[in-house]
Each structure stands twice: as C-alpha cells, then as structure tokens.
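Biologist: Got a minute to go through this model with me? Let's pull it up.
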Amino acid sequence: MSYKLQFAELLPYWNVLLYGLVFTIVLTIVSTVAGVAVGTAGAAARTFGPTWLGRIVAVYVELIRNTPFIVQLFFIFFGLPALGLKLSETTAAFLAMVINLGAYSTEIIRAGIEAVPKGHIEAGLSLAMTKWEVLRHIVLNQAFRKIYPALSSQIIIVMLGSAVVSQISAEDLTYAANYIASRNFRNFEVYLFVALAYLVLAMLTRSALRALGRVIFKAR
Amino acid sequence: MSLVSIRDVRKSFGQNEVLKGVSLDIAKGDVVAIIGRSGSGKSTLLRCINGLETYQSGSIVADGIEVGGATTNLRELRRHVGMVFQQFNLFPHLTAAENVMLAPTVVNKVSKAEARAIAAEVLAKVGLSEKMDAYPSELSGGQQQRVAIARSLAMRPKVLLCDEITSALDPELVNEVLRVVEQLAREGMTLILVTHEMRFARDVGTKLVFMHHGKVHEEGVPKEVFAAPRTPELQQFVGQVG
Ligand SMILES: Nc1ncnc2c1ncn2[C@@H]1O[C@H](COP(=O)(O)OP(=O)(O)OP(=O)(O)O)[C@@H](O)[C@H]1O
Ligand SMILES: [Mg+2]
C-alpha cells in the first residue's frame, strides 16, 4: 500500500474550487437567513395564528421532514417544469435549501415559543399589548435564546447537506470536486481536500454562530 | 356610578361551571379583597374582568367598556385595567426599567426618554430607584413583584387587579409588597385583590367579598364581616385561615 499524494494536481483548478467554496458559503448564508425567517413565520403561525393557517404550516413541516432532501431538490428542479415552472440550477438549489431549513426551523422555533411561560404572555396582554406585539417583544427573544444552540446545529447540518445540490449541477463545492476528479482522476486528493474544506467550514460556521449569539443575546 | 360593574356572570370550562352568577359593584377608590377556598373561582373572576377569560353570560363593564363582547376593544380595556400576578411574570430578557418601559413605548407610543422618566417615577414609588438597570434574575422575589406592580402602574390604570400577589413570596418578603399596595390604596387607586392575607384584607380593604362555589357568598365591610360572619361557610373559612 503505497500511494503518493499529489495535491499539486489540484492547483490548476484553484478557481473552480474557490467558486464552489464561495457558492456553498453564499448558499448557506442566504438559506440560513431566509430559512430562519420562514421558520419564524411558520412557528408564529402555528402558535399564535389562526387554526387553519397552523394546519397548513403543519402539513408543510411534515412533508419536508419526512422526505429526503434530494427528492425535494429533484422535485423542484425536475418536477416543477411539468407545471411550467422552470428554474435554473442555482435558483432551484437556493429554493430547496430555504424550504428545507424553513421546515426544520419552524419546529425548533415553535418548541422555543412553547417553552415561554404562559404567564409572560398574559402579562404582556394585560399591559394592553396585542398578541403580535407580545410575540415580537416578549416571546421571540426568549424563544430564540433557548433554541439558539439547536438552531445552530441545524444550520450546520443544512450546510453539509447542501452538497446534494451538486446533483442538479448547481456549482457548489462538491460540484467542483466532481468536476475536477472527472478531469484529473485524482479522486483521493480531490475528495480529501474537499472533505477538509467542509470540516473547516463547519467549524468556522459554528464559531461564527456562537459569536453572533453572544452579540445578539449579550444581556446577562 | 360604579367603575366596575359585574352582573350575573356565568362562566364554564367545558362542563365545569366555575362562576355561577356573580354580581359585584366596585366604585372608584374601592379596595376590594376577594377571599375564598381554592377553586372557588376567584382567579377566574379577576381574569374575566380584563378579558383574559371569556364568559358565557351576564355582563362586565369596566370603566365604561363592556367586556366580553365580540367587538370589545381589549387594548383600550387593558390600558385602564392593569393586572399583577402571583408569579410576577417579569420579562427575563429586560431590565427592571425596560420591563416598565415596554408597554408605554409599544402601546402608548411614548418616546424612549419619556418612557424612561415614567419608569424612574413608578420604580421610585415602589422603592426600587436603585434597581432600574437590574435584570429580574438579580432581584429578590419581593423586588420582582414590586417591579411588576410598577410595570402595571406605568400604564396609569384606573383599576389594578392583583391575584394573590404575595403567595409566591417567602414570608419575610410579603410585607414589602403589601406596603406598596397599601400606599396605592391610600392614594386612591381602585384595587381588586384576591388574597389570603386576612389581616391585610381587614385593615386595608374597603370591601370584602367571600366567594364560595362560584358565587359571591357574602360581602360587606371587612371589619364587620370578619367580626360577625353570617354564613357558616365563611365562619368556617375564617376559623381555618384567620
Ligand atoms: N383554564 C382552565 N381550564 C379548565 N378549568 C379551569 C381553568 N382555569 C380554572 N379552572 C377551574 O376553575 C375552577 C376555579 O379556578 P380558579 O383558578 O378561579 O380558582 P381560585 O379560586 O382562584 O383558586 P386558588 O385559590 O387555588 O387560586 C377550578 O375548579 C379550576 O380547576
Ligand atoms: Mg387563583
């Protein structure tokens, strides 16, 4: 067993790798922001909204949480054109990521909202606030504080899961790896390098989220 | 003219009728002490007054606002009817001052500076000027409850509902809260208090209401009612707790 590592063979493709890396980072950031926004709205609808709306959200959440991400992605990219909705690889990738994280974060944030003592809500209402004002000023802050670690983990899971978008040729980091390996045949080096890149990315994301959490929840 | 007028109010949770026709008139400046056994409907009655609970029949009019109608303006009602709870319910992510400032800024749209001035005033009133920037977790139970009272006062309510506001406190902290309530009573604030503090009810209350099985079983001037309870239920109750 002697294999000579030749990482130098990756060098000619540095721009492909860089593009993939940036794509994955942007994909993660955008789907985190949009996905958490969707999750917040979904959780608010399920806890504070009308019953019919809560039901619709519940169906959405269950649909997404009980099907594979790759199938969701294929459905959006290959399935929807049948309805006349033809999306580019990139748009389909972003959309699938947002929809996926939106569903998971709906459940996470909902758990946080439900953990806020009912008395705090009643105190807010008794101060003449509307339930939406109560949600915004009293409930969400406490809810996010509680579920922030769980949400952070989910964001990292989604970031790593985003590798799947390479399957519809969205040009992320994994797509770059596939592209390079199919040309220089250095599968070992290519995938080892990309695995390390994901590892570093995940660790950086974790620290960034932790730092962000400290800034947002600085009080106490 | 009564400030709060409760007429034959009936309220059920499912099959369980909790209020069985309650009527009560409360005038401006009254300090009403509601006593009664656990489960007699005291909290439910209080929560009906500010619309936290709905009721099936009868009527409640508070400061001219009909409570419990389909079109009741709950925001307007609650601006005039404050409530303090047994569990304080301070917002843990906000300081004492921020707890007080929240409703004036969000509901009454006053400026931050103005809200801060209101907070300083009402926190001084409850003796907590030094604790404006403390978080609830840094305060004792008694201090937390006083902040909760200040928070309600910041909305300048015409009536303050207090549901067993000293029951969650260690015995040595009860008095500091009762003193604040007594001070409010002396200043003419209309108060409706559910309480187990019989001595306080007798000394500070202008009206005593004994609830039993979802009804006002006996009411009157506290000193007279305590001295000579007419019904055997109240005699027994006073004998047990007094
Ligand atoms: N949200 C609710 N759902 C169902 N039943 C309720 C609810 N709230 C109160 N009840 C019932 O209504 C009855 C009266 O409750 P309430 O809290 O008004 O009593 P209380 O006089 O305040 O008692 P305590 O002294 O223990 O606080 C009780 O039998 C209680 O179980
Ligand atoms: Mg009660």
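Modeller: Sure, one term up front: a salt bridge is a side-chain nitrogen of Lys or Arg within 4 Å of a carboxyl oxygen of Asp or Glu. This is a predicted model, where local features need pLDDT of at least 70 and side-chain atom pairs pLDDT 80 or more, while totals for chains, interfaces and linings use all residues. Residues are numbered from 1 along each chain, chains are lettered from A in the order written, and side-chain values use heavy atoms, without hydrogens and water.

Biologist: OK, how many salt bridges are there between chain A and chain B?
Modeller: Two. In one of them, E133(A) meets R75(B) at 2.9 Å, N to O.

Biologist: And which helices of chain A touch chain B?
Modeller: α5 (118-126) and α6 (131-161) each supply at least two residues (helices are DSSP runs of H or I, at least four residues). α5(A) gives the largest share, seven residues.

Biologist: How many residues does each chain put into the contact?
Modeller: Chain A puts in 19 and chain B 24 (contact means heavy atoms within 4.5 Å).

Biologist: Switching topic: how many aromatic pairs are there over all chains?
Modeller: Seven, counting Phe, Tyr and Trp rings (six-membered ring for Trp) with centres within 6.5 Å; planes under 30 degrees apart are stacked, over 60 edge-to-face, the rest tilted. Y3(A) and F188(A) make a tilted one, at 5.3 Å and 50 degrees.

Biologist: Where do those two sit in the chain?
Modeller: Y3(A) is in the segment before α1 (14-48) and F188(A) is in helix α8 (residues 187-216), 185 residues apart.
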